[in-house]
Amino acid sequence: DSPICRWDGKDIGDCRPMYKHGLFYNLAQLFMLAWPYGDGVRIMSSYAFTDFDQGPPGVQNGSWRDRPLSPIGRCRSTPSTSPVTDAYDQDLEHPWVCEHRWQ
């Protein structure tokens with residue numbers, strides 16, 4: 001169970017790159033933006049989670065009516081480690097990861 005995705009040039013196996021990979025994920029995003037492939041680029045922005053079934057901040061599991069908390073003023077800074085630290089991953093004051101704002 002490595003926090004780093006290994007790529008052989010064809011397949012990453014069952015690894016799914018995500019914010020928890022920290023700086024490596026940030027570097028992968030920068031590479032994707034710089035590499036001329038396809039006709040469009042999409043950067044996904046997300047929220048932090050501890051369980052893969054967890055919904056966005058402010059929404060109870062199984063709810064169809066709860067509205068998520070606004071991400072305004074609740075975004076985390078660019079991670080400084082790979083993988084991210086527990087303190088970074090468990091920051092309840094800033095539940096939104098906001099990868100599109102990373103520098």
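Start with the whole protein chain, a predicted model, coloured by secondary structure: the chain has two helices and zero strands. Helix H1 covers 23–34, and helix H2 covers 86–89. Along its principal axes, the C-alpha trace spans about 40 × 35 × 25 Å. If you then colour by accessibility, buried residues account for 24% of the 103 residues in the protein chain. A contact map adds that, among contacts between residues at least 6 apart in sequence, 54% join residues at least 24 apart.

Next, select Lys20, which sits in the segment before helix H1. Show its side chain together with that of Asp89, since the two make a polar contact at 2.7 Å. Expanding the selection around Lys20, and leaving out residues up to four places away in sequence, brings up Phe49, Thr50, Pro83, Val84 and Asp89 as the residues that Lys20 touches.

One of these partners, Pro83, is worth a stop of its own. Pro83 lies in the loop between H1 and H2, and the peptide bond leading from Ser82 to Pro83 is cis, with omega near -10°. As background for this stop and for a later one, most residues other than glycine have a negative phi, and most peptide bonds are trans.

Two other partners of Lys20, Phe49 and Val84, lead into the interior. Select Met18, Tyr19, Tyr25, Ala48, Phe49, Val84, Tyr88, Val97 and Trp102, and you have the largest nonpolar core, nine residues in all. In soluble globular proteins, nonpolar side chains tend to be buried together.

Within that core, centre the view on Ala48. Setting aside residues up to four places away in sequence, Ala48 touches Tyr19, Gln54, Arg76, Asp89, Pro95 and Val97, among them Asp89, which you have already seen in polar contact with Lys20 through its side chain.

Which residues lie nearest the centre of the second largest pocket? They are Ala48, Phe49, Gln54, Leu92 and Pro95, out of a lining of 18 residues, so that Ala48 and Phe49 can be kept on screen from the core selection. The second largest pocket holds about 270 Å³ of space, and its lining divides into eight nonpolar, seven polar and three charged residues.

Now move to His21, which, like Lys20, is placed in the segment before H1. Is His21 buried or exposed? His21 counts as buried because its relative accessibility is 10%, where the cut-off for burial is under 20%. For a sense of distance across the model, draw a line from the C-alpha of His21 to that of Trp64: the two residues are 43 residues apart in sequence and 30 Å apart in space.

By contrast, select Arg67 in the loop between H1 and H2. Arg67 counts as exposed because its relative accessibility is 73%, the cut-off for exposure being over 50%. Apart from its neighbours within four places in sequence, Arg67 is in contact with Gly58 and Val59. A C-alpha to C-alpha line from Arg67 to Pro56 spans 9.0 Å, and these two residues are eleven residues apart in sequence.

Finish at Cys98, in the segment after H2. The phi of Cys98 is near 55°, a positive value in a residue other than glycine. Cys98 is also buried, with a relative accessible area of 2%.

Technical notes
Residues numbered from 1 in each chain as written. Predicted model: local features only at pLDDT ≥ 70, side-chain atom pairs only at ≥ 80, totals over all residues. Heavy atoms only, no water. Helix = DSSP H or I, 4+ residues; strand = E, 2+ residues; numbered from the N terminus. Polar contact = N/O pair within 3.5 Å; in protein donor to acceptor, adjacent residues only side chain to side chain. Contact = heavy atoms within 4.5 Å. 1 Å grid on protein atoms, 1.4 Å probe; cavity = no way out; pocket = protein on both sides within 12 Å on 5 of 7 lines; lining within 4 Å. Points joined across faces, edges and corners; volume = space filled by probe spheres on them. Nonpolar A, V, L, I, M, F, W, Y, C, P; charged D, E, K, R; others polar. Core = buried A, V, L, I, M, F, W, Y, C linked by side-chain atoms within 4.5 Å. Buried < 20%, exposed > 50% of the residue type's maximum accessible area, 1.4 Å probe, protein only.
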